[in-house]
Amino acid sequence: MAAPFFSTPFQPYVYQSPQDAVTPFQILGGEAQIVQIMLKPQEKVIAKPGSMCFMSGSIEMENTYVPENEVGMWQWLFGKSITSIALRNNGPNDGFVGIAAPSLARVLPIDLAMFGGVLLCQPDAFLCSINDVKVNNTVDQRPRNVVTGVEGFLRQKLTGQGLAFILAGGSVVQKNLEVGEVLAVDISCIAALTSSIDVQIKYNGPIRRAVFGGDNLVTAILTGPGIVFIQSLPFHRFSQRIARAVTSPNMRENPKFFVQIAIFFFLAYVVIVSSLILTDV
């Protein structure tokens with residue numbers, strides 16, 4: 001996919017497009033990473049809104065609407081962004097732009113031409129792209145942790161022949177599955193996989209437990225051939241741990257909290273019953 005550009009601690013690379021255009025890029029940092037992309041005059045990068053961290057003076061940024069075949073009304077209603085940003089070098093000399101991960105995530109460069117032109121990713125995995133990359137999102141049609149197929153949890157599809165940068169949390173492991181090779185992975189730990197992998201969903205307990213959440217309750221059985229990228233720290237798992245750490249001590253330090261909740265529901269019950277009685281009268 002990419003070869004070393006020159007030797008530094010941050011391992012820069014170059015990407016060669018199908019049109020033989022060469023674009024150097026560099027992934028900076030260790031935890032919350034930044035991808036720095038060098039742009040020749042009139043070259044551009046398409047990125048997720050709010051992801052631009054820094055850019056040279058010759059770079060101009062503009063908002064663009066996603067084509068109609070890549071996003072629909074449902075995505076807009078469910079809070080998905082229907083715009084992207086285009087960062088173009090309008091100067092006479094080379095410029096650069098830094099695109100940052102929005103959380104503690106690794107940036108993975110993916111040459112779609114080497115993955116058959118299709119890659120299935122976790123929601124909001126796409127960060128930015130060079131050349132021919134289209135992003136398709138599907139609507140979350142399931143309860144909190146219940147999935148019915150591969151598109152139930154990998155709800156972002158990247159297609160094209162360009163270079164895409166995607167996000168994965170924590171440490172990232174790439175597994176190359178041979179024909180018939182089987183691998184079981186917690187569904188939240190799958191960052192991306194190729195479309196050639198067969199995916200079967202296995203529930204490790206009653207489905208009602210999966211509906212209301214839990215750890216390692218839903219496993220994906222992957223059968224090769226294909227490639228899967230596994231992340232050690234999914235963002236939703238990380239955010240849940242933070243939420244528990246923030247709320248639990250507060251509840252322990254405030255024993256009146258549960259009493260206040262009980263009084264609130266009791267008063268609400270009294271109001272509803274009184275309104276029904278008065279209405280009947």
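# Sheets, loops and a surface patch in a predicted model

Three strands make up an open sheet with antiparallel pairing, in the order S17-S20-S19. Its edges are formed by strand S17 (182-186) and strand S19 (198-203), each of which pairs on one side only. From one strand to the next, the twist averages 25°. The structure described here is a predicted model.

## The three-strand sheet

Strand S20 (residues 218-223) runs antiparallel to S19, and 6 bridges join the two strands. Within this pairing, Lys202 has Thr219 in S20 as its bridge partner. S17 and S20 are also paired in the antiparallel sense, over 5 bridges. Here the bridge partner of Ala184 is Ile221, a residue of S20.

## The six-strand sheet

A further open sheet consists of 6 strands in the order S13-S14-S11-S18-S21-S16, again with antiparallel pairing. Strand S13 (133-137) and strand S16 (172-177) each have a single partner strand, so one side of each is left without a neighbour in the sheet. The twist in this sheet averages 20° from one strand to the next.

At the S16 edge, the pairing with strand S21 (residues 226-231) is antiparallel and extends over 6 bridges. Val172 stands opposite Gln231 of S21. Asn176 also belongs to strand S16. The C-alpha atoms of Asn176 and Gly226 lie 6.1 Å apart, although the two residues are 50 residues apart in sequence. When neighbours within four places in sequence are set aside, the contacts of Asn176 are Glu181, Gly226 and Ile227. Asn176 has a relative accessibility of 47% and therefore counts as partly exposed; the class lies between the limits of 20% and 50%.

The strand pairings described above are collected below.

| Strand pair | Sense | Bridges |
|---|---|---|
| S19 and S20 | antiparallel | 6 bridges |
| S17 and S20 | antiparallel | 5 bridges |
| S16 and S21 | antiparallel | 6 bridges |

## The loop between S20 and S21

S20 is a member of the three-strand sheet, and S21 is a member of the six-strand sheet. Gly224 is found in the loop between these two strands. Its relative accessibility is 10%, and Gly224 therefore counts as buried, the limit for that class being under 20%. Beyond its neighbours within four places in sequence, Gly224 is in contact with Leu177, Glu178, Val179, Gly180 and Glu181. Of these residues, Leu177 falls within the range given for strand S16 (172-177). Glu181 is likewise a contact of Asn176. Between the C-alpha atoms of Gly224 and Val199 the separation is 9.2 Å, with the two residues 25 residues apart along the chain.

## The loop between S6 and S7

Ser56 is located in the loop that runs between strand S6 (52-55) and strand S7 (59-65). With 12% relative accessibility, Ser56 falls in the buried class. Apart from residues up to four places away in sequence, Ser56 touches Gly95 and Phe96.

## The nonpolar patch

On the surface, Ile263, Phe266, Leu267, Tyr269 and Val270 form a nonpolar patch, and together these residues have about 510 Å² of accessible area. Ile263 is part of helix H5 (residues 256-280). At 46% relative accessibility, Ile263 counts as partly exposed.

## The protein as a whole

The secondary structure comprises 5 helices and 21 strands. The protein has 281 residues, of which 38% count as buried. Its exposed area is about 15800 Å², and carbon and sulfur atoms supply 60% of that area. Among contacts with a separation of 6 or more, 74% are accounted for by residues 24 or more positions apart. The contact between Asn176 and Gly226 joins residues of this kind, since the two are 50 residues apart in sequence.

Terms used. Residues are numbered from 1 along each chain as its sequence is written. This is a predicted model: local features need pLDDT of at least 70, side-chain atom pairs count only at pLDDT 80 or more; totals for chains, interfaces and linings use all residues. Side-chain values use heavy atoms; hydrogens and water are left out. Patches are made of residues with over 30% relative accessible area and no salt bridge: like charges are joined within 9 Å, nonpolar side chains (Val, Leu, Ile, Met, Phe, Trp, Tyr) within 5 Å. Accessible areas come from the Shrake-Rupley method with a 1.4 Å probe; for residues, only the protein chains shown count as cover. A salt bridge is a side-chain nitrogen of Lys or Arg within 4 Å of a carboxyl oxygen of Asp or Glu. Helices (H or I, at least four residues) and strands (E, at least two) are DSSP runs, numbered from the N terminus. Buried means under 20% relative accessible area, exposed over 50%, partly exposed in between (1.4 Å probe, protein chains only). Two strands pair if DSSP finds at least two bridges between them. Axes are lines fitted to C-alpha atoms, for helices over the stretch in contact, and angles run from 0 to 180 degrees between N-to-C directions. Contact means heavy atoms within 4.5 Å.
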